[in-house]
Structures are given as structure tokens and as C-alpha cells.
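Reader: Hi! Could you walk me through this one in plain words?

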Number of protein chains: 2
Amino acid sequence: MKLLEDKIKQEGKVLEGGILKVDGFLNHRLDTALIAELGADVAREFAASGANLILTVEASGISLAYATGLKMGLPVLVAKKHKSLNISDGVYTAPVFSFTHKTENVVLVSREYLSAEHKVLIVDDFLASGNAAIGLLSLVEQAGASCVGFVAAIEKSEQGGRTRIAEKGVKVYSLARIKELRAGDIKFE
Amino acid sequence: MKLLEDKIKQEGKVLEGGILKVDGFLNHRLDTALIAELGADVAREFAASGANLILTVEASGISLAYATGLKMGLPVLVAKKHKSLNISDGVYTAPVFSFTHKTENVVLVSREYLSAEHKVLIVDDFLASGNAAIGLLSLVEQAGASCVGFVAAIEKSEQGGRTRIAEKGVKVYSLARIKELRAGDIKFE
């Protein structure tokens, strides 16, 4: 999506270790009009998908998931992140290893809000190695729900997340696919 | 606001220790259409405030802050929560004691995105004792910015947060003000 690619080129910063900083419009400071456009694009792409629930994970996936859900007339389920598996009953949980922070977290949702009748569209800010996506897909599977697609605002292609998700038969849709990430030189697919 | 009060009466659950659970529409599962209505109400209330930035804190403040910012044509700055003060330069930080979790966290924002020219509208999901609000106000003060108001979706009046914020000369606006909280009997101001 050209709008997002241009914004990344203009304002994205490449840090050491292949980290793309988009704090100025997507994560820390939110460009609300831009995110609404991204949500509208996702809503168009999945208009015929039959999705009846958006799933995301706190915190940086929430704004795009909300924008998408609002446009599609759907609720958003926000998976919570915890440090350990020591959690009450009544929830589905899955481990997620964070590439950025080098720590393992647990993502969880209440069983009350995810069940077999749900057709879930997962929305997150980044797709890199796909660890968060696989964790969220596990929650969907545990509930006996189905997944109609995985959406990332920004995909870092070379880290292989797309293949891991596609192997599960889930459609992957990214608004910007980054092929090469170097300071001053960001290449898109 | 009647729309939100009705929703709380219908779907809110009162837990032990005076905790109001609104997981089904405001926190965990987001009722996107309802939250858009709440954001539109806040935007009307502060239309003439001169606000040029919305400030909230992750994770459960994000959706209402985004809805408000989108309606007002403003960006949203999302303060991050950390466990300790051991954080890099380039940020403003303030301690916040969590009533629900009985722990002290730190909230922080990048100095890059908050400065003296900002007129800040703070938006959060809850106002109880006001600890989070005071922490966020401290970030605004440290930056030399001004605060045009504090908004909570739900206020628990008896915990005194409103007075603490008003004492700093900041207008407080809540979409639902709870006077008494008992299972099966929620009274509004």
C-alpha cells in the first residue's frame, strides 16, 4: 500500500539489529487518519471473508485492529500479554517469544469471547518471524474457531513469518512488505 | 452519557473489592461502534478546547483515545508502562501505583513527541483514585505542555480521583460516573 510505504520511507528509522522504528505514526505516536486508511484497506480486502471477529494483541496492535473492526462493523478481541503461565482458569493461553525483547511471554484471551462459531481475522502491527501470529493462531485453534486471515501493517519478509502462517492454510495480507532494511535504504517487495 | 450507563447496567459485572468488570465491551472485547460513539461525545465536549494532542496509556486506554483523536483530527500519544525506572534517556517518566494490581509501574513517553507547544487532552478508560491521571499529568508538566482536560470512560466517584485532578486546575469529564457499586445495583451520579 503506497500510502504506508511512503510514510515508512519518510519517517521510519532503521536501528541496529534490523529494527524498524515507526514510533512516530504507528506505535508510540498514532497518526489516527493514516491508521483509519489502513483499517479501511484491510476492511476492503476481507469484505467477503465472512469474518465475525477481529483478534489482536496488546498494545501496539490495538489501533489498527480497532480501525479495521469499526469499518467492518465487528468487535475486536484484545489478547493480553503476561509474563508467566500462572493464570486463572477460563482463558486460552499460548507462549510467544519476542524477537525485539528476547523474552518469552504468554498471550491469553477469555474463553467467554472466543468460540467455535467465530471466523477470526487476526490484525497486528508487525509480521517478522511470525511468533506472535503463531501464538494468536493457537488461541483460535484451541477455541475451535477458524481463521480467515492474518493482517500486518508492516511485514519484514526475510524473517520468514509469512511462510509459517501460510503453512497453516491462513491467508497473509500485509500493508507494506519490506524486502531490505538498511538505514537510508528501505526496499519493498 | 446514557448509552454507556445502559451498557454498564446490562453487561458490567461487579467483582469483590469494588472492581467493575467491563471486559465484554471496553477492555478485553471492544464494542467498536460503542467506543466510536464515546469518542464522538468527547470530541464534541472538547471541540473548542484548542487541544492538539491526545495522550493515553497502554493498553486499555488506546481504543477510546484513538476514537477521540480520529474524530478530532488529532494524533494520539500512547504512554508506555514499564516495571522499573531503569530506562534510556530521551523520555519523560512518572511513577503510577496500580489500585487493581497493587504494584507500582512507570509510565513514559518519548520527549520527541511531547513538548511545550502541546495542548493535551488526556483520555483513559477508568478514573478511580486518579493515580494514572496524576502520572500522565506529570509527563505533561515535565514537557512544559498544558492540559486542557482529563477524560475517563468510567469514573468511580467515591475513590476521589476527580478532586485530585481538579485541584491541578484540569477539567474532568467522565462518560459514566458511578456513585455506588454493588452486584446487581450500580448507581450513577
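Author: Happy to. One definition to start with: two strands pair if DSSP finds at least two bridges between them. Helices (H or I, at least four residues) and strands (E, at least two) are DSSP runs, numbered from the N terminus.

Reader: Before we use that, what kind of model is it, and how is everything numbered?

Author: This is a predicted model, where local features need pLDDT of at least 70, side-chain atom pairs count only at pLDDT 80 or more, and totals for chains, interfaces and linings use all residues. Residues are numbered from 1 along each chain as its sequence is written, while chains are lettered from A and ligands numbered from 1 in the order in which they are written.

Reader: Great. Back to pairing: how do β5 and β7 of chain B pair, and over how many bridges?

Author: In chain B, strand β5 (residues 76-82) and strand β7 (residues 103-110) are antiparallel, with three bridges. His82(B) has Val106(B) in β7(B) as its bridge partner.

Reader: And which strand pairs with β7(B) over eight bridges?

Author: That is strand β6 (residues 91-98) of chain B, again in the antiparallel sense. There, Phe97(B) is matched with Glu104(B) of β7(B).

Reader: Nice. What about pairing between the chains?

Author: β5(A) is joined by two bridges to strand β3 (residues 29-30) of chain B, and these run antiparallel. Leu77(A) sits opposite Arg29(B) of β3(B).

Reader: So how many residues of each chain are in contact across the interface?

Author: There are 21 residues of chain A in contact with 21 residues of chain B; contact means that the C-beta atoms, placed from the backbone, lie within 7 Å. On the chain A side, the elements that give two or more residues are β3 (29-30), α2 (32-45), α3 (62-72) and β5 (76-82). The most comes from α3(A), with five residues.

Reader: What classes of residue does that side of chain A have?

Author: The side of chain A that touches chain B has 12 nonpolar, five polar and four charged residues. In that count, Ala, Val, Leu, Ile, Met, Phe, Trp, Tyr, Cys and Pro are nonpolar, Asp, Glu, Lys and Arg are charged, and the others, Gly among them, are polar.

Reader: Why do the copies meet through the same surface?

Author: Because 100% of the interface residues of chain A are also interface residues in chain B.

Reader: And what turn lays chain A on chain B?

Author: A turn of 180 degrees with a shift of 0.0 Å along the axis does it, at an RMSD of 0.0 Å. That is how a two-fold axis relates copies. The C-alpha of Ala59(A) is the nearest to the axis in chain A, at 2.6 Å. The superposition is by least squares on the C-alpha atoms of residues with pLDDT of at least 70 in both copies.

Reader: Changing topic: is α3(B) mostly covered or mostly open?

Author: Helix α3 (residues 62-72) of chain B is mostly covered, with 10 of its 11 residues buried. Among them are Ile62(B), Tyr66(B) and Met72(B). Buried means 20 or more other C-beta atoms within 10 Å of a residue's own, exposed means 12 or fewer, and partly exposed is in between, with C-beta atoms placed from the backbone. After the helix comes Gly73(B), whose phi is positive, near 70 degrees.

Reader: How does Gly149(B) count, then?

Author: Gly149(B), in strand β9 (residues 146-156) of chain B, is partly exposed because it has 19 C-beta neighbours inside 10 Å. Leaving aside neighbours within four places in sequence, its contacts include Phe46(B), Leu121(B) and Tyr173(B).

Reader: Where does Tyr173(B) lie?

Author: Tyr173(B) lies in strand β10 (residues 172-182) of chain B. Tyr173(B) is also partly exposed, with 17 other C-beta atoms within 10 Å. Beyond four places in sequence, Tyr173(B) touches Glu45(B), Gly149(B) and Val151(B). Its C-alpha is 6.2 Å from that of Phe150(B), which is 23 residues apart from it along the chain.

Reader: Last one: how many helices and strands does chain A have?

Author: Chain A comes to five helices and 11 strands. Its C-alpha trace spans about 50 × 35 × 30 Å along the principal axes, and 44% of its 189 residues count as buried.

Definitions and conventions. Two residues are in contact if their C-beta atoms, placed from the backbone, lie within 7 Å.
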